[in-house]
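I opened this notebook to record how two chains meet and which charged pairs and cysteines deserve a note. The entries follow the order in which I looked things up.

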Amino acid sequence: MTGVEDAQPAGRLVEGVTRIVAWCGGIVLLLAGGVVTASVLLRWLLGSGIDGDFEMMEMATALAVFAFLPFCQARRGNIMVDTFTGWMSPRGRRLLDAFWDLTWAGFAVLIAWQAFKGGMEEIGYGTTSMSAGIPVGPVIVATALLAGLLAAVALVTAIRLATGRS
Amino acid sequence: MSGLVLASAGFVALLLLIAVRVPVGLAMLLTGSAGYVALSGWPVFLNAIKTTPYYLFANYSLSVIPLFVLMGAFAEQSGLARDLFRAASGFVGHKRGGLAMAVIGACTVFGAICGSSVATAATFSRAALPEFRRFGYADSLATGTVAVGGTLGILIPPSIILIVYAITTEQNIVKLFAAALIPGLLAALFYCLTVAIRVRLRPELAPAHPPHSPAERRAALARVWPAVLIGLVVLGGIYGGVFTPTEGAAVGAIAMLLLTLVTRRLDLAGVMRCLLRTAETTGMIAAILLGAELFNSFLTLTQMPGMLARWIAESGLPPYGVLALILLTYIGLGAVMDELAMILLTLPVFFPVVAGLDFGLTAEQTAIWFGVLVLIVVGIGLSAPPIGLNVFVVSAIAEGVPIRDTYAGVLPFVLADLIRLVLVAAIPALALWPLALLR
């Protein structure tokens with residue numbers, strides 16, 4: 001985990017963006033939590049809650065998770081086992097980590113691209129959630145864009161590791 | 001048969017990737033995708049990942065995780081751990097070994113608010129270690145107690161590990177929370193007994209010190225009761241069926257936020273810090289969940305788990321023997337890998353096997369009891385050498401204490417955990433009895 005700020009402006013920009021995106025994800029989560037809490041209180045006081053509060057919670061969770069992933073990658077907070085590579089030189093380990101970050105970036109591109117297509121299809125079908133009637137497609141497209149940001153961040157961390165700046 | 005070969009190859013490839021520093025989530029993504037493509041071809045795979053990641057996370061049961069993480073982060077950043085520790089040490093701190101027992105007690109209460117063991121261990125390291133030092137406790141007793149106390153974060157519901165177990169095995173979260181309660185409280189009791197025995201055998205570990213005044217005790221209690229009340233309302237509401245676990249977690253997170261804002265324990269910057277902490281923890285869990293989803297789709301395609309379960313059920317092996325073998329495997333795996341990844345990786349294979357065995361319980365009872373047993377071994381894996389995540393966390397915060405000392409301090413507690421594991425395995429009622437009280 002690197003708490004150190006990136007020396008390069010481009011790296012700093014990406015880190016700043018991931019932080020803001022993670023904040024937004026957290027706020028979406030809090031708002032959905034607020035809606036659910038209000039629904040519970042209304043159900044208790046008036047006998048009926050907010051329709052489709054659980055759907056908002058579901059969508060908010062998906063959005064929040066995808067908003068959190070780039071920040072997690074920027075901090076390189078992914079769980080990894082380093083028990084068996086202690087014999088490698090620090091530089092070797094860095095290059096290895098850079099390679100895996102690059103792989104991560106490639107996979108994130110794949111996920112982003114497929115989710116984008118999937119989301120556009122859902123928009124085409126006009127799919128909405130069951131009770132509250134919220135369109136699903138745009139939310140999926142939003143998660144695709146966030147997966148794209150994840151790919152960009154993984155690329156930045158890979159370059160940072162490979163070029164030896166921490 | 002080719003399914004079996006492919007599944008085994010998948011597991012081997014996965015372990016190899018993990019050994020060469022591939023992040024666990026990515027390793028599962030890579031091997032899972034490769035196997036998926038090999039079995040059903042590119043077009044089916046590409047089609048599957050169009051909406052699979054979205055629907056994996058747009059899941060009502062799963063939303064419990066970030067909400068409980070958020071609630072825990074608010075509690076953590078607001079200094080609740082320190083206040084709980086002060087309140088507890090106000091009552092038992094002056095007894096011999098009392099500070100260690102106070103940490104266990106405070107962790108138990110904190111565990112009812114926070115569902116993560118690492119967060120609990122980190123918070124209490126900062127809150128309690130300086131006090132231990134001030135009163136001249138031995139370092140190994142201090143750090144060992146905090147590392148083990150941290151596991152109470154998951155042993156006492158809410159528990160992220162139990163939620164993941166519930167989602168993976170499609171079991172009822174409320175029932176799992178209820179089943180974990182008595183074993184969780186037993187853990188706290190056993191840890192306190194361990195402390196009592198150790199300081200009796202070696203009094204120099206824990207010097208005695210004068211009791212706190214009644215006024216100090218009242219002041220400490222006054223600071224903690226609102227947060228404790230929130231924890232009780234959330235858990236009580238979930239157990240009582242007043243609201244779903246997700247609703248409980250949402251109410252808990254919002255209430256904890258309001259409490260910290262009203263009592264001015266957190267300002268806006270503090271709240272933002274909590275959001276980022278939630279982002280990091282949740283992102284870490286999500287990456288592994290996504291990998292496990294793909295890896296498990298691949299495993300299901302190979303039909304290996306079902307075959308293995310049938311084979312073991314028909315082989316006439318004694319059920320308790322199989323269970324013992326599985327639990328030993330968990331203790332072994334937990335010693336070298338991350339616990340969350342471990343259960344996500346193994347449950348698709350082990351769960352059908354256990355479900356196919358006859359312990360004289362209903363299918364649901366077996367599933368829930370096994371969940372509690374898995375939780376206990378996860379707790380052991382978090383604190384036992386050579387790789388105990390909690391021990392690392394505590395050692396990173398406790399400057400100047402060699403990690404060897406922390407492990408030495410942890411070992412007697414691990415013994416207590418093993419005894420508890422055998423107890424709950426031998427007497428399923430310890431886990432299952434509270435289920436009868438649920439509505």
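The entries below cover the interface, the salt bridges and the cysteines of a predicted model.

**Entry 1: the interface**

I began with the extent of the contact between the two chains. I found 56 residues of chain A in contact with 55 residues of chain B. I then looked up the area, since the size of an interface is often given as the accessible area lost when the parts come together. Chain A and chain B bury about 5100 Å² between them. Carbon and sulfur atoms account for 78% of that area. On the chain A side, I noted that A:Leu30, A:Ile79 and A:Trp100 lose the most area to chain B. Together these three make up 14% of what that side buries.

**Entry 2: polar pairs and the chain A side**

I next counted the polar pairs across the interface. There are eight residue pairs in polar contact between chain A and chain B, with both residues at pLDDT 80 or more. I asked which helices of chain A each supply at least two residues of the side that touches chain B. They are α1 (9–46), α2 (53–74), α3 (90–125) and α4 (137–163). The largest share of that side comes from α3(A), with 15 residues. By residue type, I recorded 32 nonpolar, 13 polar and eleven charged residues on the side of chain A that touches chain B.

**Entry 3: salt bridges between the chains**

I turned to charged pairs, as side chains of opposite charge can pair when their charged atoms come close. I counted four salt bridges between chain A and chain B. One of them joins A:Arg43 to B:Glu247, with the closest N and O atoms 3.0 Å apart. This pair runs from helix α1 of chain A to helix α12 (residues 245–262) of chain B. I checked the accessibility of both partners. A:Arg43 is partly exposed at a relative accessible area of 32%, whereas B:Glu247 is buried at 5%. Another salt bridge pairs A:Arg75 with B:Glu280, and its closest N and O atoms are 3.6 Å apart.

**Entry 4: salt bridges within a chain**

Over all chains, I arrived at 13 salt bridges. In chain A, I looked at A:Arg160 and A:Glu15, whose closest N and O atoms lie 2.6 Å apart. A:Arg160 belongs to helix α4 and A:Glu15 to helix α1 of chain A, so this salt bridge ties together parts that are 145 residues apart in sequence. Both A:Arg160 and A:Glu15 are buried.

In chain B, I noted the salt bridge of B:Glu76 and B:Arg277, with the closest N and O atoms 2.5 Å apart. It links B:Glu76 in helix α4 (residues 64–77) to B:Arg277 in helix α13 (residues 268–302), 201 residues apart. B:Glu76 is buried, with a relative accessible area of 11%; B:Arg277 is partly exposed at 33%. I also recorded that B:Asp83, B:Arg223 and B:Arg265 are joined into one network by salt bridges that share partners.

**Entry 5: cysteines**

How many disulfides does the structure hold over all chains? I found zero. I then asked why B:Cys107 has no such bond to B:Cys114. The sulfur of B:Cys114 is the closest cysteine sulfur to that of B:Cys107, but it is 9.9 Å away, which is too far for a bond. For B:Cys274 the closest cysteine sulfur is again in B:Cys114, at 12 Å, and this is also too far for a bond. I noted B:Cys107 as buried, with a relative accessible area of 0%. B:Cys274 likewise counts as buried at 0% relative accessibility.

Methods:
Residues are numbered from 1 along each chain as its sequence is written. Chains are lettered from A and ligands numbered from 1 in the order in which they are written. This is a predicted model: local features need pLDDT of at least 70, side-chain atom pairs count only at pLDDT 80 or more; totals for chains, interfaces and linings use all residues. Side-chain values use heavy atoms; hydrogens and water are left out. Contact means heavy atoms within 4.5 Å. Buried area is the accessible area (1.4 Å probe) that two parts lose on being put together, summed over both. A salt bridge is a side-chain nitrogen of Lys or Arg within 4 Å of a carboxyl oxygen of Asp or Glu. A polar contact is a pair of N or O atoms within 3.5 Å; within protein, one must be able to donate a hydrogen and the other to accept it, and residues adjacent in sequence count only if both atoms are side-chain atoms. Helices (H or I, at least four residues) and strands (E, at least two) are DSSP runs, numbered from the N terminus. Ala, Val, Leu, Ile, Met, Phe, Trp, Tyr, Cys and Pro count as nonpolar, Asp, Glu, Lys and Arg as charged, and the others, Gly among them, as polar. Buried means under 20% relative accessible area, exposed over 50%, partly exposed in between (1.4 Å probe, protein chains only). A disulfide is a pair of cysteine sulfur atoms within 2.5 Å.
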